[in-house]
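This report sets out what can be read from the model displayed below. It begins with charged pairs and then turns to packing, surface and overall architecture.

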Amino acid sequence: MTQNKWKTSTIVVSCLLTAVTAFYALGVGWKTAPPEKVSGDTALSLWTDNAEAKDKLIAYVNAVTEEGGADFIPTENRIAVFDLDGTLFCETDPNYFDYTLLVHRVLEDKEYSKKATEFEKSVAQEIVTLNETGKSEKGLEVRHGQAVASAFKGMTVGEFNDYIQKFKKLPMPSYDGMKRGEGFYKPMLQVVEYLQANDFTVYIVSGTDRFIVRGILYDSPLDIPNRQIIGSDETLVAPDQGDTPGLNYVYDDNDKLVLGGEFIIKNLKMNKVTVIAQEIGVQPVLSFGNSSGDASMAEYVTSNNPYKSLAFMLCCDDLARENGNAEKAQKMFDSCKEFDWVPISMKNDWSTIYGDGVTKK
């Protein structure tokens with residue numbers, strides 16, 4: 001190529017680049033078409049046609065994702081918080097996942113049951129009694145947290161997760177066709193996916209031990225990263241740390257983190273509000289729960305919020321497909337009326353709970 005032709009080609013390319021830059025500066029350049037909104041009716045296909053909760057959620061999402069609309073919420077403020085047990089995952093078979101895990105560890109695990117402390121055994125027996133009679137002594141939730149911390153003391157986080165994964169493979173006692181780790185409410189999984197598709201960031205805020213929640217969600221259909229999982233907490237230490245305070249101990253390349261055996265906090269009721277403020281740092285706009293333990297979270301989300309906000313509460317009114325409780329469900333329906341929460345009827349709002357292959361015994 002001659003020198004003059006090379007200069008001409010260079011000038012042409014330069015002019016083209018200048019023109020493209022000008023087009024974009026004017027806002028008329030080539031643009032990718034904005035992604036289409038996910039249809040609520042399509043996303044929530046396992047919800048019945050007359051489910052009022054579904055309609056309210058769809059209307060809400062449409063309102064807050066409409067750019068320029070009066071209720072538009074920027075993506076960084078689209079925060080949704082979900083309880084786990086009884087909200088996303090089976091709560092009673094015959095009790096919470098973490099309660100049955102402790103009973104298994106202390107009373108059924110042949111390798112550990114002989115090593116279990118008297119305290120751990122007494123707490124496990126309290127849970128067995130609760131399962132049989134429906135009654136428990138005040139403070140069991142804290143004693144359970146303390147017993148879990150001590151019963152798994154010395155395990156690495158990875159070893160604890162491995163233990164949970166084995167437990168998840170055991171069959172559910174009240175259901176055919178389902179294992180302990182498979183008890184997700186399919187219609188609620190659709191809610192999470194629907195919100196995520198509309199640029200909501202979803203957090204789990206559970207009363208269950210944080211590491212147990214991580215174990216439940218590990219290799220599960222619920223796609224929530226560990227950094228967005230909040231739960232009750234226990235200590236982590238280095239194996240050689242002993243009684244040395246963390247301020248006086250230096251972690252080195254031979255160390256690893258193990259469960260320290262000390263319970264820190266039960267993440268229920270007002271504690272959920274505190275931990276949301278501490279760990280998320282943004283007032284959520286959506287709350288999903290199922291019990292009085294989630295009431296403070298629901299009120300925090302819907303009180304004095306600069307953005308449009310809603311709180312949903314599941315009511316365990318399905319006695320045929322699930323281990324429901326009519327009295328407990330009615331109390332929650334009544335609370336929803338009192339506090340202006342949106343009730344979700346497991347019986348009337350969902351076409352399935354665990355899927356067609358699962359039946360209650």
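## Salt bridges

In this predicted model, the structure contains 12 salt bridges. One of them pairs Lys328 with Glu91, whose closest N and O atoms are 2.9 Å apart. Lys328 belongs to helix H12 (residues 326–339) and Glu91 to the loop between strand S1 (79–82) and H4, so this pair ties together parts that are 237 residues apart in sequence. The two partners can be set side by side in their accessibility: Lys328 is partly exposed at 31% relative accessibility, whereas Glu91 is buried at 8%.

Another salt bridge joins the side chains of Lys272 and Asp294, with an N to O distance of 2.6 Å. Lys272 is in helix H10 (residues 270–279), while Asp294 is in the loop between strand S6 (286–289) and helix H11 (295–302); the pair therefore ties together parts that are 22 residues apart in sequence. Both ends are buried: Lys272 has a relative accessible area of 0%, and Asp294 has one of 1%. Through shared partners, salt bridges link Asp83, Lys272 and Asp294 into one network.

## Helix H4 and Asp109

The side chains of Arg105 and Asp109 also form a salt bridge, at 3.6 Å from N to O. Arg105 and Asp109 are both buried.

Asp109 is also a contact of His104, a residue that touches Tyr163, Phe167 and Leu170 as well, when residues up to four places away in sequence are not counted. His104 lies in helix H4 (residues 97–108). Is His104 buried or exposed? His104 counts as buried because its relative accessible area is 16%, which falls under the 20% cut-off.

## Nonpolar cores

In soluble globular proteins, nonpolar side chains tend to be buried together. The largest nonpolar core here comprises 84 residues, and those with the most contacts inside it are Leu57, Phe82, Met188, Leu195, Leu217 and Leu286. A second core, separate from it, has 10 residues, among them Val275, Ile280, Met297 and Val301.

Which residues does Leu286 contact, leaving aside neighbours within four places in sequence? Its partners are Leu57, Tyr60, Ile79, Ala80, Val81, Leu195, Phe200, Val301, Leu310 and Phe312. Leu57 and Leu195, two of these partners, are also listed among the residues with the most contacts inside the largest core. Val301, another contact of Leu286, is assigned to the second core.

## Surface

The accessible surface of the protein amounts to about 19,000 Å², and carbon and sulfur atoms account for 52% of it. Leu236, Tyr251 and Leu257 make up a nonpolar surface patch, together contributing about 280 Å² of accessible area. Within this patch, Leu236 comes from strand S4 (residues 229–237) and is partly exposed, with a relative accessible area of 34%.

## Overall architecture and confidence

The protein has 361 residues, of which 47% are buried. Its secondary structure consists of 12 helices and 9 strands. Among contacts with a separation of 6 or more, 71% are between residues 24 or more positions apart.

The average pLDDT is 92, and 90% of the residues score at least 70. Residues 1–13 stay under 50 in pLDDT, and the model gives this segment 2 contacts beyond four places in sequence. Residues 19–32 are likewise below 50, with 5 contacts beyond near neighbours in sequence.

Technical notes. Residues numbered from 1 in each chain as written. Predicted model: local features only at pLDDT ≥ 70, side-chain atom pairs only at ≥ 80, totals over all residues. Heavy atoms only, no water. Patch = residues over 30% accessible without salt bridge, like charges linked within 9 Å, V, L, I, M, F, W, Y side chains within 5 Å. Areas by Shrake-Rupley, 256 points an atom, 1.4 Å probe, with all protein chains shown as cover. Salt bridge = Lys/Arg side-chain N within 4 Å of Asp/Glu carboxyl O. Helix = DSSP H or I, 4+ residues; strand = E, 2+ residues; numbered from the N terminus. Buried < 20%, exposed > 50% of the residue type's maximum accessible area, 1.4 Å probe, protein only. Core = buried A, V, L, I, M, F, W, Y, C linked by side-chain atoms within 4.5 Å. Contact = heavy atoms within 4.5 Å. pLDDT = per-residue confidence, 0-100.
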